[in-house]
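I opened this one to see how its sheets and helices fit together. Here are my notes, in the order I looked things up.

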Amino acid sequence: MASGEPRAKKLRLSDEKKEKKTPEKKTPEKTPTKLGPNSLFGMGNPLLDISAVVDKDFLDKYGLKPNDQILAEDKHKALFEEIVKKFKVEYHAGGATQNSIKIAQWMIQDPHKVCTFFGCIGEDKFGEILKQKSEEAHVDAHYYEQTEKPTGTCAACITGDNRSLVANLAAANCYKKDKHLDLKENWKLVEKAKVYYIAGFFLTVSLESILKVAKHASENNKLFTLNLSAPFISQFFKDGLMEVMPYVDVLFGNETEAATFSKEQGFQTEDIEEIAKKAQALPKVNKKRPRIVVFTQGKDGTIMTNGGDKVETFPVLKIDQKDIVDTNGAGDAFVGGFLSELVQDKELEQCVKAGHYAANTIIRRAGCTFPEKPDFH
């Protein structure tokens with residue numbers, strides 16, 4: 001690992017010049033950055049997760065693949081009612097970005113409200129549940145509330161250790177930059193942050209909001225992080241994705257998303273390490289930081305570029321198949337764990353370890369839920 005460290009340090013939030021003057025290795029565990037409120041900012045699609053263990057017939061009826069994420073079409077509208085009637089369901093506050101932000105806050109524990117979240121909900125019962133859940137998770141959520149559409153939902157159809165996600169964005173689709181992000185009191189919260197995270201899913205909602213936040217991060221040498229989120233983002237929202245890419249300091253994704261991204265970008269490789277290198281080398285506005293690319297691969301090792309020409313692999317924590325309850329939210333949990341250390345200025349290797357710990361914890365439980373306190377050192 002040592003060979004990657006000097007490069008890895010470049011990504012840290014501390015001033016680079018200071019880094020150069022102090023070549024001796026710090027022990028980040030002993031000197032964590034003091035965290036203030038609103039240090040980590042997330043913006044995305046807040047959804048109420050409705051999860052249930054279903055059967056193959058149910059998947060086939062709605063034309064769902066066992067392991068996929070799609071946006072609901074007209075043919076899926078009845079799915080949300082049927083899943084509630086036919087199966088035992090659980091409700092959780094969800095949406096990819098909100099999950100990651102919630103996990104990051106859980107990993108950090110104190111102080112509360114280190115994490116901020118923006119998104120759009122309806123003025124309805126589900127919206128009230130989401131507000132209550134954010135409060136319980138100690139996340140500083142500021143929702144744009146509107147009356148045109150109801151609060152968004154996401155059906156997690158679980159079969160074995162696979163999960164097929166069908167998202168009905170509804171209100172989440174109605175986020176407006178001018179009605180919320182641009183408001184002085186809200187933008188102040190954006191300015192307070194030093195790390196930003198947005199899942200690629202939000203590209204389907206408000207590209208202009210993402211660009212405003214991404215440019216702010218880049219201009220102020222703060223960290224902007226993005227997730228590829230799902231294959232359809234790289235396929236059908238390619239233009240928006242590539243408009244944001246020059247501002248991305250850390251790019252997250254899994255092996256399936258990486259493969260689709262490679263295909264869409266004409267990288268002409270299916271080798272995940274090569275894809276990571278090529279993604280790292282894409283044009284970047286803030287030259288003070290090399291882009292870091294992090295690709296998870298389920299039970300296989302997580303790969304990460306180190307800002308140079310090396311790609312490192314980090315093995316995930318072992319888990320018995322019988323202990324896996326639900327992989328829904330594992331990717332979100334990994335990002336949440338990673339961000340919880342990144343915002344504290346920790347080494348990248350430590351960020352990956354925290355990501356693995358969070359994911360390992362979440363897959364032992366139904367939905368993206370967690371025990372009262374983390375046990376991560």
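I began with the weak spots of this predicted model. Residues 14-30 keep a pLDDT under 50, and I found 15 contacts there beyond four places in sequence. I then checked the whole chain: the mean pLDDT is 90, and 91% of the residues reach 70 or more. Residues 1-10 are another stretch below 50, with 20 contacts in the model beyond near neighbours in sequence.

Next I looked up the annotation. An unreviewed UniProt entry places "domain: Carbohydrate kinase PfkB" at residues 58-371. I see 40% helix and 22% strand in that span, and its end C-alpha atoms lie 31 Å apart.

Then I turned to the sheets. One is an open sheet of 9 strands, ordered 6-5-1-9-10-11-12-13-14, with mixed pairing. Which strands stand at its edges? They are strand 6 (140-146) and strand 14 (311-314); each has a single partner strand, so one side of each has no neighbour in the sheet. From one strand to the next, the twist averages 20 degrees.

I zoomed in on strand 1 (residues 40-43), which runs parallel to strand 9 (residues 195-199) and is joined to it by 3 bridges. There G42 has Y197 as its bridge partner in strand 9. Helix 5 packs on this sheet, touching strand 1, strand 5 (115-122), strand 6 and strand 9, and its direction makes about 145 degrees with that of strand 5. Helix 9 (residues 207-219) lies across strand 1, strand 9 and strand 10 (223-227), at about 145 degrees to strand 10.

I moved on to an open sheet of 5 strands, in the order 3-8-7-2-4, where the pairing is mixed. Strand 3 (68-71) and strand 4 (90-94) are the edges here; each has a single partner, so one side of each is left free of a sheet neighbour. On average, neighbouring strands are turned by 20 degrees against each other, direction ignored.

Strand 2 (residues 47-53) pairs with strand 4 over 5 bridges in the antiparallel sense, and I50 stands opposite Y91 in strand 4. Helix 5 (residues 96-108) turns up again: it lies across strand 2 and strand 4, at about 85 degrees to strand 4. Helix 6 (residues 125-136) also packs on this sheet, touching strand 2, strand 4 and strand 7 (152-159), with its direction about 95 degrees from that of strand 2.

My last stop was helix 15 (residues 348-362). At 1.5 Å a residue, its 15 residues should span 21 Å, and the end C-alpha atoms are 21 Å apart, which agrees. Is helix 15 largely enclosed or open? 13 of its 15 residues are buried, so the rest of the structure largely encloses it.

Definitions and conventions
Residues numbered from 1 in each chain as written. Predicted model: local features only at pLDDT ≥ 70, side-chain atom pairs only at ≥ 80, totals over all residues. Heavy atoms only, no water. Helix = DSSP H or I, 4+ residues; strand = E, 2+ residues; numbered from the N terminus. Expected span 1.5 Å × (residues − 1). Buried < 20%, exposed > 50% of the residue type's maximum accessible area, 1.4 Å probe, protein only. UniProt positions renumbered as here; feature names shortened; annotations may be inferred. Pairing = 2+ DSSP bridges. Axes fitted to C-alpha atoms, helices over the stretch in contact; angles between N-to-C directions. Contact = heavy atoms within 4.5 Å. pLDDT = per-residue confidence, 0-100.
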